[in-house]
Amino acid sequence: MSTTIAFIGLGNMGGPMAINLQKAGFTVSAFDLSADALAKVKAEGVTAAASASEAAKGAQVVISMLPASRHVEGLYLGANGQAGLLAGLAEGALVIDCSTIAPASAKKVAEAAKARGLAMIDAPVSGGVAGATAGTLTFIVGGDAAALERARPMLQAMGKNIFHMGDAGAGQVAKLCNNMALGVIMAVTGEALALGAAHGLDAKALSQMMAVSTGRSWATEVCNPWPGVLENAPASRGYSGGFGNDLMLKDLGLAVEAAMGVGSPIPLGELARNLYALNSQAGRGGLDFSSVVKLLEPKG
Ligand code: NAD
């Protein structure tokens, strides 16, 4: 009999992830507060449940893909006088949270799971909606090695790379480190291209040179922030699709919070957080984060 999975949170990422699990032969019962999100996965053969606790009834594994810490804590630990999901899970159940949340929140929920005799890993992802749809996500895992081994077949149905970073919360820390570097690199790449353009250089020629020189990165080669440089980059379609500015802003906020918790200096990370906050205020919160270049490009 195939493993029964409750999947909670069927948004841009969770929807395709739940569908990939179902296609791989797992039995998936899913729930989302949005009826539209639920209908989309139902159309692909996933069972639609009326609540998270109904989805989790008898499930051997619970997977969540929710927006932020408060949603994850609310789901598992309870909120507004309602009991959390952990209280009702079958003995021996495994919990996999794939949301990007504060490391402290991930640890709190993992400790509560442990107190109930349940295994839990934090497994935030990299790869975006395209990776979720293609089943090529990278999973960045924190928690017990034995729990990861139990989770591995399911993670493999949704992704292609799995990194075990350490104990509970370590997956979230590693994810924030990656995204902080990405946020800074994107902003400074935009800054470099804007400086070149202000001196009359062609941004495409500058990008092509940088892409084979020491300034090369994912921001020069794959998601170049300058319109028209790369045909398939969000910048060349009005910054639509891709990884939203406000998601980057959220991750940088979590990085700042995590840095304060251990007294770590992250001067560039903090500066980048402010740049993405300004970009959001300028009305580009829903656009791809590479639109941060709009703050820097030459006027006129
Ligand atoms: P999303 O907003 O598209 O989806 C979140 C879903 O959760 C929504 O459908 C919402 O209705 C549902 N939800 C919220 N509270 C719920 C509850 N209590 N019970 C059931 N459903 C609930 O977000 P997303 O883009 O899918 O991102 C999910 C997580 O993945 C976030 O933590 C995000 O930071 C992370 N992430 C996103 C991307 C990306 O490119 N979108 C990439 C990597 C990581």
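**Entry 1, the ligand.** I began with the polar contacts of the ligand and noted that one of its oxygen atoms is 3.0 Å from a polar backbone atom of leucine 66. I keep in mind throughout that this is a predicted model. Looking further, I found an oxygen atom of the ligand 2.9 Å from an N or O atom in the side chain of lysine 250, while a nitrogen atom of the ligand lies 3.4 Å from a backbone N or O atom of leucine 33. I then looked up how much of the ligand is covered, and I wrote down that the protein covers 83% of the 830 Å² of accessible area that the ligand has on its own.

**Entry 2, the shell.** Which elements give two or more residues to the shell around the ligand? I listed helix H6 (128-134) and helix H11 (245-262). There are 22 residues around the ligand, and I noted Asn12, Met13, Asp32, Pro67 and Lys250 as those that come nearest. Sorting the shell by class, I recorded 11 nonpolar, eight polar and three charged residues. I also asked where the ligand lies relative to domain 1 (4-167) and domain 2 (173-295). I concluded that the ligand lies between them, because both domains give residues to the shell.

**Entry 3, serine 99.** I went back to leucine 66 from the other side, and found that its backbone nitrogen lies 2.9 Å from a polar atom of the side chain of serine 99. The side chain of serine 99 is also joined to that of aspartate 97 by a polar contact of 2.6 Å. I placed serine 99 in the loop between S7 and helix H5 (103-115). Is serine 99 buried or exposed? With a relative accessible area of 1%, I put serine 99 down as buried, since the cut-off for that is under 20%.

**Entry 4, threonine 133.** I turned to helix H6 again, where threonine 133 is found. I noted threonine 133 as partly exposed, with a relative accessible area of 49%. Its C-alpha atom is separated by 9.8 Å from that of alanine 18, although the two residues are 115 residues apart along the chain.

**Entry 5, the core.** Last, I looked up the largest nonpolar core, which has 36 residues, and noted that Phe7, Met17, Leu21, Ile96, Phe139 and Leu155 touch the most other members. Among the elements that each supply at least two residues of this core I listed strand S1 (4-8), helix H1 (14-23), strand S7 (94-97) and helix H7 (145-158). The largest share, seven residues, comes from H7.

Note on methods
Residues are numbered from 1 along each chain as its sequence is written. This is a predicted model: local features need pLDDT of at least 70, side-chain atom pairs count only at pLDDT 80 or more; totals for chains, interfaces and linings use all residues. Side-chain values use heavy atoms; hydrogens and water are left out. A residue is near a molecule or strand if one of its heavy atoms lies within 4 Å of it. A polar contact is a pair of N or O atoms within 3.5 Å; within protein, one must be able to donate a hydrogen and the other to accept it, and residues adjacent in sequence count only if both atoms are side-chain atoms. Accessible areas come from the Shrake-Rupley method with a 1.4 Å probe; for residues, only the protein chains shown count as cover. Ala, Val, Leu, Ile, Met, Phe, Trp, Tyr, Cys and Pro count as nonpolar, Asp, Glu, Lys and Arg as charged, and the others, Gly among them, as polar. Domain bounds come from an automatic or database domain assignment. A nonpolar core is a set of buried Ala, Val, Leu, Ile, Met, Phe, Trp, Tyr and Cys residues joined through side-chain atoms within 4.5 Å. Buried means under 20% relative accessible area, exposed over 50%, partly exposed in between (1.4 Å probe, protein chains only).
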